[in-house]
Amino acid sequence: MKKHGYTIALDDFFVSQWNELTVRILDYIDIIKIDFRATSRRDRQEMIRFLKDRNIHFLAEKVETIEEYLEAKEDGFVYFQGFYFSKPVILNSYDIPSYYHSYFQILKEIESPEPDLEKIKDVIEKDISLSYKLLRLINNPVFRPRNEVSSIKQAIILLGLNEIKKWIYVLAIRGADKGSGGTKEREIIELSLKRGKLGELIGRKVGREVLASKYFLLGMFSLMDSLLHHPMEELLEDLPLSNELKHALMGEKNDEYVMLQFLKDIEHAFHEDVELTFNPTTMPVEELFRLYGEASDWATKVLSEVNI
């Protein structure tokens, strides 16, 4: 496999397991994954010192806090895996983009039981940048109409509300990532997309489209404090979300909060190969994991479309 050009990673490798055969196989290894939950810092540093003369990179696995991430970087790790991406670091000097309020107003209206096209049109028309981007989108060969577009409302109708919703969210995550170019921001964006889509899929499976829309918003906004570097309470203050969603996102225990924790539990169970101990639905774990895979595929596709 090495001769064919594969990158070989060695998982769950410990100092106590070293012997003549394992030392020989290290000649073929490119990456060693070290579990932060199962090793001490002294053990990790000893392994790195022992292998420092080999052309091997180290991957820090199950990194869950920003402190662990910084510690791993200091010790020489170059790859990182874990849930530290969803832990916010608050920087009070970071400004919330003004256009986010327009995006959220549009999303809220689209998610309502009877969306009002006039309200959506009014929000877009008040934002020159949004209007320009919408007209550019409608000029895409995929959507180009036979006749010229003469109004924003006509453009909305031609695109359809589902396409508008996807487009608005893509604009939002692109705006949040603008200028950062960091891996951490991309991971937060991808995780929020997965979580929102997973909530939507579960809502549909339990048979209620209203729940699907609510759970999509719940998952989608659950990492906005990490992405925008502001306390969640401040971000939610002027957003057109229901009180139930706002309370859940701020950590208050209600039905929506229970669902958000469930979405997080699925992520951990899927990636860490642990038992899902809490399941408020009647769906088997295998089906939940299948839906998570579907949500992951969707998130990857969205990110590739906007080149994030």
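A crossing of two helices is called left-handed if the near helix is turned anticlockwise from the far one by less than a right angle, and right-handed if it is turned clockwise. The model discussed here is a predicted one.

Q: Is the crossing in which α5 passes α7 left-handed or right-handed?
A: The two helices in question are α5, which spans residues 117-125, and α7, which spans residues 152-159. Their axes come within 9 Å of each other, and the crossing in which α5 passes α7 is right-handed.

Q: Which word describes how α5 lies to α7: parallel, perpendicular or oblique?
A: The axes of α5 and α7 cross at roughly 120 degrees. Angles from 65 to 115 degrees count as roughly perpendicular and those over 145 as roughly antiparallel. The angle between these axes belongs to neither range, and therefore α5 is described, relative to α7, as oblique.

Q: How do the residues of the contact of α5 with α7 divide into nonpolar, polar and charged?
A: On the side of α5, the contact is made by Leu117, Glu118, Ile120, Lys121, Ile124 and Glu125, while α7 brings Ile152, Lys153, Ile156 and Ile157. Sorted by kind, the residues of this contact are six nonpolar, no polar and four charged.

Q: Why are the buried residues of α7 on the same side of the helix?
A: The buried residues of α7 are Ile152, Ala155, Ile156 and Leu159. In general, an α-helix has 3.6 residues a turn, so residues three or four places apart point the same way. Around the axis of α7, the buried residues lie on the same side because they cover an arc of only 100 degrees.

Q: Is Glu267 buried or exposed?
A: Glu267 is found in helix α14, which covers residues 255-272, and, leaving aside its neighbours within four places in sequence, Glu267 is in contact with Phe83, Leu191, Arg195 and Tyr292. A residue counts as buried when its relative accessible area is under 20%. Because the relative accessible area of Glu267 is 1%, this residue is buried.

Q: What distance separates the C-alpha atoms of Phe216 and Lys197?
A: Phe216 lies in helix α10, residues 209-221, and counts as buried at 6% relative accessibility. Not counting residues up to four places away in sequence, Phe216 touches several residues, including Glu111, Lys197 and Trp298. Although Phe216 and Lys197 are 19 residues apart along the chain, their C-alpha atoms are separated by 5.8 Å.

Notes:
Residues numbered from 1 in each chain as written. Predicted model: local features only at pLDDT ≥ 70, side-chain atom pairs only at ≥ 80, totals over all residues. Heavy atoms only, no water. Buried < 20%, exposed > 50% of the residue type's maximum accessible area, 1.4 Å probe, protein only. Helix = DSSP H or I, 4+ residues; strand = E, 2+ residues; numbered from the N terminus. Arc of directions from axis to C-beta. Axes fitted to C-alpha atoms, helices over the stretch in contact; angles between N-to-C directions. Parallel < 35°, antiparallel > 145°, perpendicular 65-115°, else oblique. Contact = heavy atoms within 4.5 Å. Nonpolar A, V, L, I, M, F, W, Y, C, P; charged D, E, K, R; others polar.
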